[in-house]
Amino acid sequence: MEQTSTAAPVTAARGPYATDSRRLLNAFDHQFRGFRTFWFDRIAPAGPVVRPAAEGADLEQASVRLAGLLRRAVRELGGDCLSRHRALGLDERLTEFYGDEESENAYATLMGRPDVIRTASGWKFIEFNFCSSTGGQVYAHLLNELWRQLLPGPVLDTLTLADPLRDRNDVLRTVLDDLGLDPRVALVGYLPDVFLSDTGGSRRYYEIEVEALRKAGIEAQYFDTDEFLASLDSRGSTFPMVLERTVPQEWIDAGRDIGPLLRIRQCGAAVLTPQSSYQAANKQLFALLSAGQDWMTEDDREFVERYLPWSRGMREENVEFQSEKWKLPELLTKRRADFVVKRSDGDQNFDVHIGARTEQSAWEDVIAKAGRAGTWIAQETVHSAEFDAEVFDCDLGAYRSISTRGVFGPLFMGGRMTGCVVRHDVPAPGDAAGQAPGSSILGTVAWQTG
């Protein structure tokens, strides 16, 4: 989508949310300057994905309740952080990252984003990621700001478009007040984690967050991880709070030294979010809730059945699925197309294996690997219902109204939904030559209020 000003004139879009093509694409060039990404290389959203307000209310209420159930489920595993860590089989190298129990418990689910699919029967949560590094915050902020600039006033009057960075600032202010800290925050990140290098102004990705913090009256500065450590060596910690935008387990998986991240945790500042966030996000909790626990009420069980797909831990041997009893490996082998097998502490689709897209022999290898690990889960495949979206195809120089499938990501901060992103497919045009591949893009959701 680079060099958008040369796009050929196009016909008007069929949907009500598109604008003049040159204005749209120039706005994208400006809004995402410095960190153009794969999300908008060939296809650009021409407006938000619009869904009924009642769906949004249901999604928010279910997210809040599920976060509460996950908190309860993880606390039932042990009386302190380390016992819960070991019950989940997490990497022993991460045990030093925990802080005091009170903060760990208070802020573990402060920020997050579930992955949710809108099925024919309603919302289904396939995982819930908790941490301050949860993706989508900057993109949701920029996209919704763009739609507020481009959409006609009468259209905007009928839509709810959230600003997650503004809402996150409110949450941070509350935490700062609770802890009696001055409103000064160090934002610490690592550009490769967001697929960027420190060239061509790519730091703007994080500087957008810093600017939002400053507008809210919070003194803020961005540091790459090595810069923050250098500042500690030269002058000590001058920020009472650190908003950490890195994930220790991802660093381990990438073969990086996690020592720098541990130093940040132990610098004397309050670091959000705490390491226990990754316990609350562990996918084994979905398996525990799906199987049912003694502490769950009948209402809890009905909620889980409605909003979570059937899930079981790969530690389990005998299971019941659709009123039939199985050995779990046999069930997964014989009904491969019905299941996904996931590593429980993975992120960004790392070690997620979809049976329908995996050859039988490779699938059996995955089952064996997951069984040996003992910390993976099997989850029933969830199918997205189709929904409508407006996109601009940069290759064709034309707007397209599409029916698509995707994964919704409501941003969850301070116990409420603060915007929603959606990753969805854009099929290749029907007249495309050969087997032209489609694209996947990131958009935001607007809730129809009138």
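Is Glu-76 buried, partly exposed or exposed? I open with this question because Glu-76, with a relative accessible area of 44%, falls between the limits of 20% and 50% and is therefore partly exposed. Before going further, I should state that the structure above is a predicted model.

Let me begin with the salt bridges. Over the whole structure, a search finds 31 salt bridges. One of them joins the side chains of Glu-76 and Arg-72, with N and O 2.7 Å apart. The partner, Arg-72, is also partly exposed, at a relative accessible area of 38%.

A second example pairs Glu-320 with Lys-325, where the closest N and O atoms are 3.2 Å apart. Here Glu-320 is partly exposed, with a relative accessible area of 42%, whereas Lys-325 counts as exposed at 70%.

The third example is the salt bridge between the side chains of Asp-351 and Lys-369, at 3.6 Å from N to O. Asp-351 sits in the loop between strand 13 (339–342) and strand 14 (352–354), while Lys-369 belongs to helix 16 (residues 360–373), so this pair ties together parts that are 18 residues apart in sequence. Is Asp-351 buried or exposed? With a relative accessibility of 16%, below the limit of 20%, Asp-351 counts as buried. Lys-369, in contrast, counts as partly exposed, at 38%.

Salt bridges may also be joined into a network, and Arg-51, Glu-55 and Arg-118 are linked in this way.

I turn now to the loop between strand 11 (318–321) and strand 12 (324–327), where Gln-322 is located. As general background, most residues other than glycine have a negative phi. Gln-322, however, has a positive phi, near 50°. Ser-323 lies in the loop between strand 11 and strand 12 as well, and its phi is also positive, near 65°. As for accessibility, Gln-322 counts as partly exposed at 48%, and Ser-323 is exposed, with a relative accessible area of 69%.

Another point concerns the backbone at Leu-272 and Thr-273. In general, most peptide bonds are trans. The bond that joins Leu-272 and Thr-273 is cis, with omega at about -5°. Thr-273 itself is found in the loop between strand 9 (270–272) and helix 12.

Next, consider helix 13, which spans residues 284–291. Which of its residues are buried? They include Gln-284, Leu-285, Phe-286, Ala-287 and Leu-289. Among the elements that cover these buried residues are helix 2 (53–75), helix 12 (277–280) and helix 14 (298–307). Strands take part too, including strand 4 (122–130), strand 10 (311–313) and strand 15 (377–380). Just after helix 13 comes Gly-292, which takes a positive phi of about 90°.

The next topic is the packing of helices, and I shall present two pairs. In the first pair, helix 7 (residues 164–179) and helix 8 (residues 204–215) pack at an angle of about 60°, and their axes are 9 Å apart. This angle makes helix 7 oblique to helix 8. The crossing of helix 7 and helix 8 is right-handed. From helix 7, the residues Leu-165, Arg-168, Asn-169 and Leu-172 meet Ile-208, Glu-209, Ala-212 and Leu-213 of helix 8. Sorted by class, this contact of helix 7 with helix 8 has five nonpolar, one polar and two charged residues. A general point helps in reading such a list: an α-helix has 3.6 residues a turn, so residues three or four places apart point the same way.

In the second pair, helix 1 (residues 21–31) and helix 5 (residues 137–150) pack at an angle of about 145°, with 11 Å between their axes. Their crossing is right-handed. On the side of helix 1, the contact is made by Arg-23, Leu-24, Ala-27, Phe-28 and Gln-31. Helix 5 contributes Leu-142, Leu-143, Glu-145, Leu-146, Trp-147, Gln-149 and Leu-150. By class, the contact of helix 1 with helix 5 has eight nonpolar, two polar and two charged residues.

Finally, I would draw your attention to Tyr-399, which lies in strand 17 (residues 398–404). Tyr-399 is buried, because its relative accessible area of 11% is under 20%. How many residues along the chain lie between the positions of Tyr-399 and Arg-113, and what separates their C-alpha atoms? The two residues are 286 residues apart along the chain, and their C-alpha atoms are separated by 30 Å.

How values were computed:
Residues are numbered from 1 along each chain as its sequence is written. This is a predicted model: local features need pLDDT of at least 70, side-chain atom pairs count only at pLDDT 80 or more; totals for chains, interfaces and linings use all residues. Side-chain values use heavy atoms; hydrogens and water are left out. A salt bridge is a side-chain nitrogen of Lys or Arg within 4 Å of a carboxyl oxygen of Asp or Glu. Buried means under 20% relative accessible area, exposed over 50%, partly exposed in between (1.4 Å probe, protein chains only). Helices (H or I, at least four residues) and strands (E, at least two) are DSSP runs, numbered from the N terminus. Contact means heavy atoms within 4.5 Å. Axes are lines fitted to C-alpha atoms, for helices over the stretch in contact, and angles run from 0 to 180 degrees between N-to-C directions. Angles under 35 degrees count as roughly parallel, over 145 as roughly antiparallel, 65 to 115 as roughly perpendicular and the rest as oblique. A crossing is left-handed if the near helix is turned anticlockwise from the far one by less than a right angle, and right-handed if clockwise. Ala, Val, Leu, Ile, Met, Phe, Trp, Tyr, Cys and Pro count as nonpolar, Asp, Glu, Lys and Arg as charged, and the others, Gly among them, as polar.
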